[in-house]
Amino acid sequence: MEAVTDSTEAMPDPGRVMVRSEFAPLRTVAVAQSQLRPPDEVSDSEVSFLGSEARPLLESMLGRDHADVFPDRQRKWESERENLCSVFERYGVEVLRPRMLTDAEKAAGGSNGYANFFVRDPWFTIGDIVVEGSLRLPHRRLEVLPSREILTTRALDGRCSYLALPQPAVPDGVPGDLGAGPFLEGGDVLVYGKHVFVGNSGLASNDLGIRWLEKVLTPLGYTVETVRLAPNFLHLDCALGLIREGLLVACPDALVDGLPAALRDWDRIEISESDGIDLGTNGLPISPEVYVTDPVFRHIGDRIAEHGVTVEYVDFAVTRSFGGAFRCTTQPLRRE
């Protein structure tokens with residue numbers, strides 16, 4: 001595969017939408033808000049990807065807003081996102097923020113609850129194509145709405161294509177069955193030039209969603225490759241991260257078939273299953289030279305730094321307790 005090259009010149013251009021790879025220099029990024037009210041009830045399959053410490057926390061707030069149940073923890077959660085924004089701004093990255101959910105949007109969630117906490121999943125960018133996805137968990141299916149103003153000004157009015165998946169099918173009421181989809185979530189989508197890797201663990205994106213993406217991208221010269229995941233890993237970015245050309249971090253226990261063939265000759269930093277579940281692969285490149293992760297993963301960051309990459313550390317303990325970290329919290333509109 002031909003290497004993905006990255007421009008180092010930042011050109012201010014609010015109409016420009018382009019994501020060339022996971023590690024191309026980050027120019028414009030949306031950073032999530034911190035709002036969550038879980039459903040009144042959850043099945044075991046809906047929380048199987050969470051660490052053992054996170055499940056009791058979730059159970060204690062079922063049907064209630066996190067900010068009401070844990071006000072001090074809510075403030076820490078919000079400060080984590082603000083600290084990440086400060087790092088981005090220090091490196092000259094334009095930061096966009098989705099708005100907060102309205103009372104009407106919260107009410108529309110009903111017993112399913114609502115979410116506005118991981119902007120990576122409800123929409124994503126591949127090249128100059130912005131896609132509104134389709135989320136498997138019911139409490140997240142309205143999560144795209146707070147980003148619509150960003151999508152209107154940057155995608156609808158920008159020099160790019162703007163598409164949306166078909167609405168997911170309505171399930172027939174069997175407990176634990178969330179329907180046939182199609183489901184396609186941004187946490188499963190990794191971009192490497194014209195090669196797009198899409199994870200499938202059975203918990204998020206599914207075959208129908210991946211077939212839709214393949215139908216859209218193949219005529220444009222893209223290759224879409226499914227990456228099978230172990231059933232206790234929600235998304236591909238919880239199992240694999242592309243740090244720069246020729247360097248990746250991966251959790252072998254999460255990758256059912258091992259690394260995709262296109263990546264097998266890369267230098268790799270392998271992490272344990274427990275580090276994978278704790279989001280050890282879910283750091284974020286700001287550029288091929290700079291990478292952001294949590295200080296709890298300093299043992300991983302030190303190995304990344306050995307390859308000449310500057311590692312920035314931001315405490316993301318609260319964010320990680322919800323099953324996502326830096327990549328989940330962000331959605332690029334421009335990486336080139």
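Helix α3 is followed by Gly92, whose phi is positive, near 80°. The model is predicted: local features need pLDDT of at least 70, side-chain atom pairs count only at pLDDT 80 or more, and totals for chains, interfaces and linings use all residues. Residues are numbered from 1 along each chain as its sequence is written, and side-chain values use heavy atoms, with hydrogens and water left out.

## Helix α3

Helices (H or I, at least four residues) and strands (E, at least two) are DSSP runs, numbered from the N terminus. Helix α3 covers residues 71-90, which makes 20 residues. From its first C-alpha to its last it reaches 29 Å, close to the 28 Å expected at 1.5 Å a residue. That expected span is 1.5 Å times one less than the number of residues.

Which residues of α3 are buried? They are Gln74, Trp77, Glu80, Arg81, Leu84, Cys85, Val87 and Phe88. These residues sit on the same side of α3 because they cover an arc of only 160° around the axis. The arc is that of the directions from the helix axis to the C-beta atoms. Here is the general rule: an α-helix has 3.6 residues a turn, so residues three or four places apart point the same way. The face of α3 turned away from the buried side carries the exposed residues Asp72, Glu89 and Arg90. Buried means under 20% relative accessible area, exposed over 50%, and partly exposed in between (1.4 Å probe, protein chains only).

## The nonpolar cores

A nonpolar core is a set of buried Ala, Val, Leu, Ile, Met, Phe, Trp, Tyr and Cys residues joined through side-chain atoms within 4.5 Å. The largest one has 49 residues. Among its members, Phe88, Leu240 and Leu242 touch the most others. Elements that each supply at least two residues of this core include α3, β2 (26-31), β12 (240-244) and α8 (298-305).

Phe88 links back to helix α3, where it is one of the buried residues. Not counting residues up to four places away in sequence, Phe88 touches Leu26, Val29, Val31, Val93, Val95, Leu284, Ile286 and Thr330. Contact means heavy atoms within 4.5 Å. Apart from the largest core lies another, of 16 residues, among them Val191, Ile210, Trp212 and Val224.

## Two open sheets

Strands of a sheet pair through backbone hydrogen bonds, either parallel or antiparallel. Two strands count as paired if DSSP finds at least two bridges between them.

One open sheet has three strands in the order β6-β7-β8, with mixed pairing. β6 and β8 stand at the edges, each with a single partner strand, so one side of each is left without a neighbour in the sheet. Neighbouring strands are turned by 20° against each other on average, direction ignored. Both faces of β6 are covered: Trp123 and Thr125 on one side and Phe124 and Ile126 on the other are all buried. β6 and β7 form a hairpin with two residues between them. In the turn, Gly127 has a positive phi of about 60°.

Another open sheet of three strands has the order β9-β10-β11, also with mixed pairing. Its edge strands are β9 (189-192) and β11 (223-228). Helix α6 (residues 207-217) lies across β10 and β11, running at about 170° to β10. Angles run from 0 to 180 degrees between N-to-C directions, and axes are lines fitted to C-alpha atoms, for helices over the stretch in contact.

The table gives strand pairs and one bridge from each.

| Strands | Sense | Bridges | One residue pair |
|---|---|---|---|
| β6 and β7 | antiparallel | four | Thr125 and Val130 |
| β7 and β8 | parallel | four | Val130 and Tyr162 |
| β10 and β11 | parallel | six | Val196 and Val224 |

## Loops and a buried arginine

Gly324 lies in the loop between α9 (317-321) and α10 (326-329). Its relative accessible area is 0%, so Gly324 is buried. Leaving aside neighbours within four places in sequence, Gly324 is in contact with Phe118, Leu279, Asn282 and Thr319.

Leu279 is in a loop too, between α7 (273-277) and β15. Leu279 has a positive phi of about 85° although it is not a glycine. At 4% relative accessibility, it counts as buried.

Is Arg327 of helix α10 buried or exposed? Arg327 counts as buried, at 5% relative accessibility. Its contacts, not counting residues up to four places away in sequence, include Glu22, Arg120, Asp237 and Asn282.

Finally, the peptide bond from Gly181 to Pro182 is cis, with omega near 10°. Pro182 has its place in the loop between β8 (161-164) and β9.
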